[in-house]
Amino acid sequence: MYEPQNPAKRANNFQGTEEVEIVIAPNAGACFGVVRAIKLGHQAAKRSKDETVQAFGPLVHNPKTIEELEGAGVEIVNDPDEIRDGTVILRSHGVKQEIEAEFKRRGVKVVDATCPLVKKPQRIASSLGKKGYFLILVGNSEHPEVKGVLSYFGRPDYLVTYSVKDIERVPAATKVGILAQTTIEFKVLDEIHKAALARFEEVVLYNTICDATSVRQDEATILSQKADVMVVVGGKNSSNTTKLVKICKGYQPDTYWIEDKQEINPNWFTGKKKIGITGGASTPQEYVDEVGTYIARLIESGFDMAIPNPESSPIEEAYGTD
Ligand code: SF4
């Protein structure tokens with residue numbers, strides 16, 4: 001296998017020692033919750049013998065990983081009514097509690113791949129609901145994690161928002177609990193918290209933003225301020241990758257979002273000296289590293305695709321020889 005002379009390095013900054021530098025953010029790629037969900041999925045498939053193994057919704061927000069799980073025998077099902085026997089794996093960002101209860105009632109074996117950091121807002125929401133708080137859940141109302149957390153809150157007194165302006169819509173004189181979807185930006189949570197403090201007498205804040213997300217966001221901020229071009233690797237359906245793209249674009253308009261190295265356009269790197277790469281928390285680290293190696297090969301070839309070992313070269317597969 002041809003390896004480039006000047007491969008991509010994992011670092012927080014560009015060293016300025018090479019003519020062209022490719023730097024991958026140190027923590028770019030899968031977090032422990034995703035690694036755990038993928039592992040549980042493969043283990044369930046191995047143990048199943050002839051029983052059906054289904055995952056309710058995509059186990060992780062990364063199409064390539066989902067393909068691998070499907071190859072191992074895990075069927076991805078979006079309709080809970082289709083899950084009636086065998087084993088079901090619950091995705092890392094959680095499901096509504098009534099759906100999990102229904103699976104159990106049907107006698108389906110439940111493998112709970114919900115990340116422990118998603119379990120936390122579920123538990124807090126349940127407690128706030130019982131204590132009569134109005135819940136402000138900072139996040140995206142369409143995201144499965146948010147729907148899951150709301151099911152634990154169990155009452156209609158809530159607002160799901162990503163905008164500080166919505167705080168005006170919360171009824172006055174209520175005690176308010178604020179929770180965050182794990183993948184949001186801290187800045188948004190902070191703004192909403194400050195607006196709530198100015199309006200309500202009792203405000204309790206639970207910063208349930210996942211560290212994995214904020215670490216990746218901080219690293220993306222640092223790299224994209226220094227890079228001439230940024231590549232973000234991650235599923236187009238991944239919320240945390242969407243945030244990384246937004247952050248990178250804010251500092252470096254030449255930011256490209258790919259799910260796989262095959263989507264890379266060599267023209268992105270023409271004349272660029274500092275190439276930054278990051279990846280969402282739902283993207284296995286090896287995919288991110290593969291992108292770094294791929295770009296290094298591309299640059300060493302002088303963008304002419306005349307790369308050694310063409311048979312195993314993904315560049316040949318992607319762009320042909322013309
Ligand atoms: S991003 Fe955070 S909350 Fe989500 S699965 Fe990973 S570790 Fe868990």
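Domain bounds here come from an automatic or database domain assignment. The model itself is predicted.

**Domains**

The assignment splits the protein chain into three parts, listed below.

| Domain | Residues |
|---|---|
| domain 1 | 9-30 + 212-319 |
| domain 2 | 32-114 |
| domain 3 | 117-209 |

Domain 1 is made of two stretches of the chain, 9-30 and 212-319. Its C-alpha centre lies 34 Å from that of domain 3.

**Where domain 1 meets domain 3**

How many residues of domain 1 are in contact with domain 3? Six residues of domain 1 are, and they meet seven residues of domain 3. On the domain 1 side, the elements that give two or more residues are α7 (211-226) and α8 (239-251). That side of domain 1 holds no nonpolar residues. Five of its residues are polar and one is charged.

**A parallel sheet**

Four strands build an open sheet, and their pairing is parallel. The order is β8-β7-β9-β10. Which strands form the edges? They are β8 (158-161) and β10 (203-205), and each pairs on one side only. On average, neighbouring strands are turned by 20 degrees against each other, with direction ignored.

Take the pair β7 and β8. Strand β7 covers residues 134-138 and pairs with β8 in the parallel sense over four bridges. L137 has V160 in β8 as its bridge partner.

A helix lies across two strands of this group. Helix α4 (residues 116-130) lies across β7 and β9 (176-180). Against β9, helix α4 runs at about 165 degrees.

How values were computed:
Residues numbered from 1 in each chain as written. Predicted model: local features only at pLDDT ≥ 70, side-chain atom pairs only at ≥ 80, totals over all residues. Nonpolar A, V, L, I, M, F, W, Y, C, P; charged D, E, K, R; others polar. Pairing = 2+ DSSP bridges. Axes fitted to C-alpha atoms, helices over the stretch in contact; angles between N-to-C directions.
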